[in-house]
Amino acid sequence: MAVTEIGCCVCSKSSTFKCSKCWQVWYCSKGCQKKGWKSHKNECSTYEIQAIPGLGRGLVSNVPIPAGDLILQEAAAIVCTTEQIQDTVITNKLDILSQEKITKFANLQSKNIPAGPTPSNFDKFTNNAVSIGDCQYGLFLTIAMVNHSCVPNAAWGSTGKRDTLELRAIQDIPAETEVTVNYIGDKCLLMSPDERNKLLGDTWAFCCTCEACQNDTDESLRKLMVLLKNKMREKLCLSDFVSLFKLHGQKLRAVQNMKAANHQELLNCLQVHVLLSVFANQPGKIVKSLLEDWRSVCDRDGLYESRLAFEDLNRSFKNGTPCDMEEFFDNNNVRKEWVQWIYNKL
């Protein structure tokens, strides 16, 4: 075991290894590592907050982060209902936070930065908060610093607690790489780079310069998906699930091949394709294979809400065969609630 001239962070003796998670501190022995964990655990992180040219600050990986690994889990510092989103309420909630959190809030950007007057607390909250359901919005002070990319390497999602989000890698992230998410993943599937940047500019006052925006290779796939959307809804209205299943397979392949990766849409497609395989009376082995495809993506991203959606539907099958046909069919017809749900997802 190599000995370094860097001192152990616990006893200052010559060290032999780094913390295996953050690679930022050194130890001379497992004993010292165990002793030092109580003080180190609050700062042990796979990322650093760094200045990003043209984008303020962002999260940059300290070490390689494998797909599915948790980057951080964070509770909202401020939660407001829609009616509470006003400067006085936000200021009152801010005043009871720790000084550390107040400083983090002060460092957040709003659409008025870099030009214009000093942003209000209302400006900063509305520019950085995210919906957490039931007309509530949460401000997550560290997650708010994660920058956008149309080709993201991470995604945030809900946990078992409404006011807590998790951020996970959705692909392998090399060391010294900025961690990014897609701010508009639920809206941008069929948008061109110009349309995406107009939305980003109107909402957050910046333009994306990612690879997919600089070099648009997805135009033909977007046009295909527009055509497919109309055809699929037509087949759904005709209850032609065999044709719909085939058309949806084309959409799934198109989503998988897009440079402007849309992780949420991929998960939606995988779920819908499983259901359509049932409604198209596909053999159990095909349904089982599609469930496995969906599972592998959920396992790879590691997100709680991905796994929850998969497990919720997967428990309705045994070896690719529905455990209870009445869950999906009513008098041999696809249940109306499934038809409406699929229509909205197409």
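## Overall make-up

The chain has twelve helices and 16 strands. The model is predicted. Its C-alpha trace spans about 70 × 55 × 40 Å along the principal axes.

Of the chain's 346 residues, 45% count as buried. Contacts reach across the sequence: among those between residues at least 6 apart, 59% join residues at least 24 apart.

## Two nonpolar cores

In soluble globular proteins, nonpolar side chains tend to be buried together. Here the largest nonpolar core has 44 residues. Leu59, Ile71, Ile78, Leu167 and Val179 touch the most other members. Several elements each supply at least two residues of this core: strands S5 (70-75), S6 (78-81), S7 (130-133) and S11 (164-169), along with helices H2 (87-95) and H6 (211-214). The largest share comes from S11, with three residues.

Val179 shows what such a position looks like. Beyond its neighbours within four places in sequence, Val179 is in contact with Leu59, Ile71 and Leu167, which are also among the residues that touch the most other members of the core. The other contacts of Val179 are Ser61, Val146, Asn147, Asn153, Ala154 and Ile173.

Another core, of 40 residues, lies apart from the largest one. Its members include Ala254, Phe279, Leu290 and Phe329.

## The H9-H10 pair

Two packed helices are described by the angle between their axes and the distance between the axes. Helix H9 covers residues 263-279, and helix H10 covers residues 284-301. Their axes come within 9 Å and cross at roughly 160 degrees. Angles over 145 degrees count as roughly antiparallel, so H9 is roughly antiparallel to H10. The crossing is left-handed.

On the H9 side, the contact is made by His263, Leu266, Leu267, Leu270, Gln271, His273, Val274, Ser277 and Val278. H10 meets them with Val287, Leu290, Leu291, Asp293, Trp294, Val297, Cys298 and Asp301. By class, the contact has eleven nonpolar, four polar and two charged residues. Leu290 in H10 takes part in this contact and also belongs to the core of 40 residues.

## A buried arginine

Arg222 sits in helix H7, residues 219-237. Is Arg222 buried or exposed? The cut-off for buried is under 20% relative accessible area. Arg222 has 7% relative accessibility, so Arg222 counts as buried.

Leaving aside neighbours within four places in sequence, Arg222 is in contact with Leu189, Leu190, Met191, Ser192 and Pro193. Arg196, Asp216 and Met258 are also in contact with Arg222.

Note on methods
Residues are numbered from 1 along each chain as its sequence is written. This is a predicted model: local features need pLDDT of at least 70, side-chain atom pairs count only at pLDDT 80 or more; totals for chains, interfaces and linings use all residues. Side-chain values use heavy atoms; hydrogens and water are left out. A nonpolar core is a set of buried Ala, Val, Leu, Ile, Met, Phe, Trp, Tyr and Cys residues joined through side-chain atoms within 4.5 Å. Buried means under 20% relative accessible area, exposed over 50%, partly exposed in between (1.4 Å probe, protein chains only). Helices (H or I, at least four residues) and strands (E, at least two) are DSSP runs, numbered from the N terminus. Contact means heavy atoms within 4.5 Å. Axes are lines fitted to C-alpha atoms, for helices over the stretch in contact, and angles run from 0 to 180 degrees between N-to-C directions. Angles under 35 degrees count as roughly parallel, over 145 as roughly antiparallel, 65 to 115 as roughly perpendicular and the rest as oblique. A crossing is left-handed if the near helix is turned anticlockwise from the far one by less than a right angle, and right-handed if clockwise. Ala, Val, Leu, Ile, Met, Phe, Trp, Tyr, Cys and Pro count as nonpolar, Asp, Glu, Lys and Arg as charged, and the others, Gly among them, as polar.
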